[in-house]
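Visitor: I would like to learn how to read the place where two chains meet. Could you walk me through it?

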Number of protein chains: 2
Amino acid sequence: MSAGPELICPLCAHEGGVLLLRQHKLRIVRVAGAPDAALQPGVQPDALAEAFPAYYRVIWNAHVAEWSDLSEAEQGLCMRAVSAVERVLRHQLQPSKINLAALGNVVPHLHWHVLARFDWDSHFPAPVWAAAARPPPAERLHALRQRLPACDAAIAALRL
Amino acid sequence: MSAGPELICPLCAHEGGVLLLRQHKLRIVRVAGAPDAALQPGVQPDALAEAFPAYYRVIWNAHVAEWSDLSEAEQGLCMRAVSAVERVLRHQLQPSKINLAALGNVVPHLHWHVLARFDWDSHFPAPVWAAAARPPPAERLHALRQRLPACDAAIAALRL
C-alpha cells in the first residue's frame, strides 16, 4: 500500500481518534482535539474537534476508498454503526442536527464523519468545513465536553 | 408542516433539482446551476452546481430530518440508491473521489449529496463547502458538463 513512509495511510497506521469500539470489519472513534490527544498516546489531534467536540468517526478497517466498493451486506453493517452512533448523540445531546459525511479526498480510506451540530456552534447552519460564522462559544463548548464521557460509554457499549 | 409560506420546506415544495428518477419512497435529481435551471421551469438553481456539475441528490420523499428516523429497511433502500448513483458517476466520469453527505442544517429534510470530485476542481482536496483553492477551470468544467447527459440517462434507467 505504500512506496515509502510518507505514503502510509493514516487510517491504516493509526486508530483515527480515541478508540471506543472495534469489530472485525469496522471501528468507532471519537475525534480528538489537540488538548485531548495530548493525553492519549498515539492519538492524532484534529483541529475540527476543538470547535466540534461531539465528532465521531465510523472507520472501515480495510483500506477501501469508496462506499460502493463495499458489498450491500457490508454497507448494512456500516450503516447500522453510523445510525447507532447518531442515535446515541441524539439521545445524549439533543443536537440541532446530525451531520453525516464520507468524503475522503485527503485520506481515501472509507470513514464516516458523524457530528452533532448545535444552533449555537461556530458554523451553524453552514457545514463544519465552511468559514466560521462566529467565535466558538467557550462556555457552551465546555458544557458539551462534560457530556462526552456519557456518549463515549454508550458507544463503547453498542452491540451492532 | 408550515405556519406560513416562508416556512414551507423547499424539498416538500420542489423536486430539489432536475428530476431523473422517482419512486414511492425517494427520488434522484441532478442539482442544477443557474444557467441549467433557467432552462427548466420549476427547478431551483444551486450555486454549488456551477463549480461542481456532477452533483446529484437522493432525496427521501417524506419530510424526515435525520437518517436514524428511517427504519433499517428504508435505510437499505436509500443506500442502494446512493450507491447506484455513485457507481454511475464512477463508471461514466472516473472521478478522483466520490463525496457523500447528509447535512440538512439549512433544509432538515433528509437528502444525500452525491458529488463527483476531480483533482483539478476548484476546491480539491478540500470539501466543496470550504474556500476555493483555485478558480474553476472553464475548459474542464465544459468537458465535464458534456458528459452529464450520459450520467443522467444511466441514473434515470436504474432499477433499485
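Visitor: How many residues does each chain bring to the contact?

Guide: In this predicted model, chain B and chain A each bring 33 residues to the contact.

Visitor: How is the size of such an interface expressed?

Guide: The size is often given as the accessible area lost when the parts come together. Here, about 2900 Å² is buried between chain B and chain A, with carbon and sulfur atoms giving 49% of that area. On the chain B side, B:Glu66, B:Lys97 and B:Asn105 supply 22% of what chain B buries against chain A, more than any other three residues.

Visitor: And the charged and polar pairs: how many salt bridges cross the interface of chain B and chain A?

Guide: Six salt bridges are found there. One of them joins the side chains of B:Glu72 and A:Arg80, at 3.1 Å from N to O. You will also find 30 residue pairs in polar contact across the interface.

Visitor: Which elements of chain B give two or more residues to the side that touches chain A?

Guide: They are α4 (72-93), β4 (97-102) and β5 (111-117) of chain B. The largest share, nine residues, comes from α4(B). Sorted by class, that side of chain B has 18 nonpolar, six polar and nine charged residues.

Visitor: In what sense do β4 of chain A and β4(B) pair?

Guide: The two strands run antiparallel, and three bridges link β4(B) to β4 of chain A, residues 97-102. To see a bridge for yourself, look at A:Ala102, whose partner in β4(B) is B:Leu100.

Note on methods. Residues are numbered from 1 along each chain as its sequence is written. Chains are lettered from A and ligands numbered from 1 in the order in which they are written. This is a predicted model: local features need pLDDT of at least 70, side-chain atom pairs count only at pLDDT 80 or more; totals for chains, interfaces and linings use all residues. Side-chain values use heavy atoms; hydrogens and water are left out. Contact means heavy atoms within 4.5 Å. Buried area is the accessible area (1.4 Å probe) that two parts lose on being put together, summed over both. A salt bridge is a side-chain nitrogen of Lys or Arg within 4 Å of a carboxyl oxygen of Asp or Glu. A polar contact is a pair of N or O atoms within 3.5 Å; within protein, one must be able to donate a hydrogen and the other to accept it, and residues adjacent in sequence count only if both atoms are side-chain atoms. Helices (H or I, at least four residues) and strands (E, at least two) are DSSP runs, numbered from the N terminus. Ala, Val, Leu, Ile, Met, Phe, Trp, Tyr, Cys and Pro count as nonpolar, Asp, Glu, Lys and Arg as charged, and the others, Gly among them, as polar. Two strands pair if DSSP finds at least two bridges between them.
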